[in-house]
There are 2 protein chains.
Amino acid sequence: MKKIVIIGGSAAGPKTAAKSKRMNSENIIELYTDENLISYSACGLPYFIEGTVKNINQLIIRTPEDFEKQGVKVFLEHRAQKIYPEKKCVIINDKEVFYDELVLCTGASPIVPNIKNINIDGVYFLRRVRDGIKIKEAMHNSKRAVIIGGGFIGIELLEAFVHNGLSVVLIESCTRLMRAFDSEFSDMIKNHILERDGQWIEMHFGQDVEEFIANEEGKFTKLKTKEGLEIEADFCVIASGVKPNIDLARDAGVEIGSKGGIVVDETMKTNVKNIWAAGDCTQTRCLLTGRPVYYSLGTIANKQGRVAAININTCPKVCEKFDGVLGSAITKYFNYTMALSGITQENAARISEQYDLHPISATVVKKDKAGYMPDSENITIKLVADKKTGKLLGAQGIGTGDVNKRINAITSALQSGLTVEDFLHLDLPYAPPYSSTIDILLTAAYRLNGQIKDKNW
Amino acid sequence: MKKIVIIGGSAAGPKTAAKSKRMNSENIIELYTDENLISYSACGLPYFIEGTVKNINQLIIRTPEDFEKQGVKVFLEHRAQKIYPEKKCVIINDKEVFYDELVLCTGASPIVPNIKNINIDGVYFLRRVRDGIKIKEAMHNSKRAVIIGGGFIGIELLEAFVHNGLSVVLIESCTRLMRAFDSEFSDMIKNHILERDGQWIEMHFGQDVEEFIANEEGKFTKLKTKEGLEIEADFCVIASGVKPNIDLARDAGVEIGSKGGIVVDETMKTNVKNIWAAGDCTQTRCLLTGRPVYYSLGTIANKQGRVAAININTCPKVCEKFDGVLGSAITKYFNYTMALSGITQENAARISEQYDLHPISATVVKKDKAGYMPDSENITIKLVADKKTGKLLGAQGIGTGDVNKRINAITSALQSGLTVEDFLHLDLPYAPPYSSTIDILLTAAYRLNGQIKDKNW
């Protein structure tokens with residue numbers, strides 16, 4: 001029996017709590033969060049704003065009452081202020097809470113860019129449920145929105161706003177959209193969005209927002225960029241990414257890594273005794289190279305919460321390891337899917353010396369089903385591999401057809417370190433409504449193999 | 001430079017021809033077929049019959065002219081009669097054709113059950129393009145059809161006929177539909193079909209058709225089974241599976257295996273010098289157990305044709321191997337997908353002693369997307385693993401949601417011999433429109449892992 005105190009209530013925290021209780025019903029589990037609800041799907045917020053998800057309560061996975069029934073004590077609106085590792089104590093809402101094991105699931109916060117007047121009305125970040133509610137309200141009262149940031153959340157908000165009849169200006173400081181992808185994919189994504197909805201959408205790249213301008217009521221009315229651009233809109237959402245919440249941890253002597261997140265080993269232990277961490281507040285490792293990486297994703301948080309709970313309950317015996325991630329991600333713009341897993345060619349080139357990589361790639365455009373099926377659609381898949389070892393390094397896919405399936409199929413191949421030569425014999429299920437006889441993945445693998453073997457096979 | 005003679009023109013033959021020519025443009029390539037066309041998608045025939053594919057020519061992948069342009073000589077309606085391996089000669093349409101390398105791609109033929117009057121009008125098999133045309137015509141002139149056989153083709157024809165407003169009787173000699181799956185999946189598939197379309201469909205199991213009865217014009221009008229059932233219908237399609245065409249090969253001393261197909265090594269060589277084989281006329285090996293298996297699938301034929309062509313051109317150097325298959329397959333009944341890969345639990349149990357298998361399984365019913373997305377659908381996934389080694393053995397999936405993606409993701413895991421423990425950390429791309437935070441595949445893997453570790457994890 002242990003007293004396990006968990007700080008944070010979005011994904012990793014509730015997972016750790018529930019799993020710890022299931023593993024030993026005598027454990028005392030206390031979960032503290034500074035929010036007024038727990039266990040919700042932050043990833044669903046863009047679809048709540050869009051209207052696809054009608055009721056915000058649908059995003060609540062489990063209520064505090066659900067957890068209480070299971071025997072987990074939930075403390076809403078409780079802020080953890082300071083940890084005293086020697087005393088195994090954490091100060092929460094000015095009171096001492098003692099623990100046997102402490103799990104930090106403090107999550108991440110939006111990156112707040114250095115913009116003048118950033119705190120005026122009509123400027124939003126999207127992170128928590130209440131943000132989603134506010135943005136949806138703003139959207140319904142507006143005709144024109146501006147989004148700062150052209151990453152996953154930016155694109156999802158773009159869809160939501162366009163779907164609701166707004167005109168939208170998207171501002172990106174980088175020269176391209178969706179930087180998780182290689183440049184040519186960014187361009188194809190941009191072109192697709194503008195071809196589909198160019199009459200409603202303006203995009204500006206390489207623009208650093210410098211100042212927000214408020215109207216007489218103190219509400220957002222315009223932004224200015226360092227490059228001299230001025231954009232008027234009814235409201236503004238900043239989607240410039242997130243950073244891990246690590247102040248509490250750092251103050252307690254917990255190691256923070258080069259990616260800005262809490263450093264944990266594969267059991268989810270930090271460097272400080274009896275302190276564990278999981279979810280968006282931690283950095284992790286790339287499964288393919290071992291290099292430190294940072295992602296803020298519910299899937300990782302859930303897996304890490306599970307591994308933390310298992311090891312907390314079995315330690316010092318290590319019964320489960322979280323080795324790292326591939327960096328798989330997916331989103332859509334209406335019926336257009338964008339997905340990737342592993343390392344892009346540009347990223348592989350960037351780290352090629354350090355990790356002895358020799359990236360090559362093959363990009364194929366092909367129908368997602370048998371070409372004669374009337375609902376077959378072109379998709380574009382790029383496979384990246386290492387010329388020296390022949391191992392697959394990553395895949396990117398875009399298109400209105402079934403890209404999702406292909407990137408899912410690649411993940412197990414990446415995770416198991418398959419070479420292109422192994423992969424090209426992959427026995428994928430085939431029928432005309434589902435793929436072409438030679439699936440686009442295999443076509444891409446054949447082309448890569450030709451480069452690896454330097455033969456025209 | 002070699003003279004390569006290829007017998008057979010559906011999938012493996014054309015692939016071998018095209019690839020051989022690409023590898024060495026000086027090769028003399030002759031492709032002989034007893035049909036009047038080559039390089040077509042037989043798998044598309046049910047969708048042509050249904051009307052999804054409007055024009056039969058859409059199923060032609062490449063014409064003889066396409067091949068001629070590439071320098072491959074195509075001989076339509078040429079039947080290979082006898083091989084003289086010593087003379088490196090094959091008799092085709094009563095003439096001697098000499099070869100350096102001979103590639104047998106003789107395909108497979110429908111299994112013709114022992115039924116009285118099987119040759120009357122109104123009884124069809126579905127294999128070749130002309131069969132598809134005839135069945136479509138029969139369907140358009142009919143109100144009621146009977147299908148003998150409840151496998152993949154039987155189900156696809158069922159969809160086609162129901163879609164075209166016919167009532168359909170399905171007769172199956174076995175006690176269940178879709179025997180490639182475990183029994184409980186067969187039942188769920190049957191229940192789904194009957195719930196959806198029970199008013200149009202009758203199914204009878206454990207019925208051996210004994211006799212067809214013709215009307216005065218000699219046309220099918222009724223069938224009788226040994227069990228005493230009598231079914232009237234306007235026409236009948238027999239879809240009782242296929243068997244490899246091996247007479248030509250066997251007569252030449254080519255080894256035929258326990259599964260009835262030509263035995264080839266991983267280079268696609270037969271036991272007879274300078275004779276190779278690929279596609280539906282060959283048997284292959286299960287990648288997971290090494291046991292001989294037989295499948296008739298365009299995907300396998302294409303891969304084998306490619307491997308044959310490479311090795312024919314590089315031999316005695318072996319430059320590519322075809323190691324075997326997982327037995328992946330997929331089909332649909334309207335929006336209901338049925339897919340599998342690897343070994344079912346029942347099959348694993350059947351061969352457990354011989355191959356030292358200890359099959360365990362976990363079946364999960366879960367939404368295919370985040371549960372709050374309005375278009376999320378329940379799917380059922382069963383994972384099978386070996387309790388002793390922890391390795392994944394197979395997966396089956398059914399449902400109106402995205403089953404296809406899950407089975408595709410499993411194939412690379414099976415092909416690389418991943419254990420359940422490796423698999424459950426799989427970093428699958430996640431977003432609410434595409435999956436739940438903990439994908440059904442991982443939920444199933446967690447449950448399997450609990451059984452393997454004998455712990456409640």
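Start by colouring chain A by confidence: its average pLDDT (the predictor's confidence in each residue, from 0 to 100) is 96, and 99% of the residues score at least 70. This is a predicted model, in which local features need pLDDT of at least 70 and side-chain atom pairs count only at pLDDT 80 or more, while totals for chains, interfaces and linings use all residues. For your selections, residues are numbered from 1 along each chain as its sequence is written, and chains are lettered from A and ligands numbered from 1 in the order in which they are written. The model as a whole has an ipTM of 0.95 and a pTM of 0.96.

**Stop 1: the two chains**

Show both chains and superpose them. A turn of 180° with a shift of 0.0 Å along the axis lays chain B on chain A with an RMSD of 0.0 Å; this is the relation of a two-fold axis. The superposition is by least squares on the C-alpha atoms of residues with pLDDT of at least 70 in both copies.

**Stop 2: where they meet**

Next, select the residues of chain B in contact with chain A (C-beta atoms, placed from the backbone, within 7 Å). You should find 56 residues of chain B touching 56 residues of chain A. On the chain B side, H8, E21, strand E22 (336-342) and helix H11 (403-415) each give two or more residues. These labels are DSSP runs numbered from the N terminus, with helices (H or I) of at least four residues and strands (E) of at least two. H11(B) supplies the largest share, 9 residues. Coloured by class, this side has 30 nonpolar, 19 polar and 7 charged residues. Here Ala, Val, Leu, Ile, Met, Phe, Trp, Tyr, Cys and Pro count as nonpolar, Asp, Glu, Lys and Arg as charged, and the others, Gly among them, as polar. The copies meet through the same surface, because 100% of the interface residues of chain B are also interface residues in chain A.

**Stop 3: a helix pair in chain A**

Now hide chain B and pick helix H1 (residues 12-23) with H8 in chain A. Their axes are 8 Å apart and the helices pack at an angle of about 35°. Axes are lines fitted to C-alpha atoms, for helices over the stretch in contact, with angles from 0 to 180 degrees between N-to-C directions. The crossing of H1(A) and H8(A) is right-handed, meaning that the near helix is turned clockwise from the far one by less than a right angle. Show side chains for the contact: on H1(A) look for residues including A:Lys15 and A:Met23, and on H8(A) for A:Arg306 and A:Ile310, among others. This contact divides into 7 nonpolar, 6 polar and 3 charged residues.

**Stop 4: the cis peptide**

Follow H8 (298-314) into the loop that leads to strand E21 (329-333), where A:Pro316 sits. The bond joining A:Cys315 and A:Pro316 is a cis peptide, with omega about 10°. Chain B also has a cis bond from B:Cys315 to B:Pro316, with omega near 10°.

**Stop 5: two positive phi angles**

Which residue in the loop between E21 and strand E22 (336-342) of chain A should you click next? Choose A:Phe334, a non-glycine with a positive phi of about 55°. A:Phe334 has 14 C-beta neighbours inside 10 Å, so it counts as partly exposed.

Finish at A:Met268, in the loop between helix H7 (247-251) and strand E18 (275-277). A:Met268 is not a glycine, yet its phi is positive at about 80°. Is A:Met268 buried or exposed? With 29 C-beta neighbours inside 10 Å, A:Met268 is buried. The cut-offs are 20 or more other C-beta atoms within 10 Å for buried, 12 or fewer for exposed, and partly exposed in between, with C-beta atoms placed from the backbone.

Conventions
Two residues are in contact if their C-beta atoms, placed from the backbone, lie within 7 Å.
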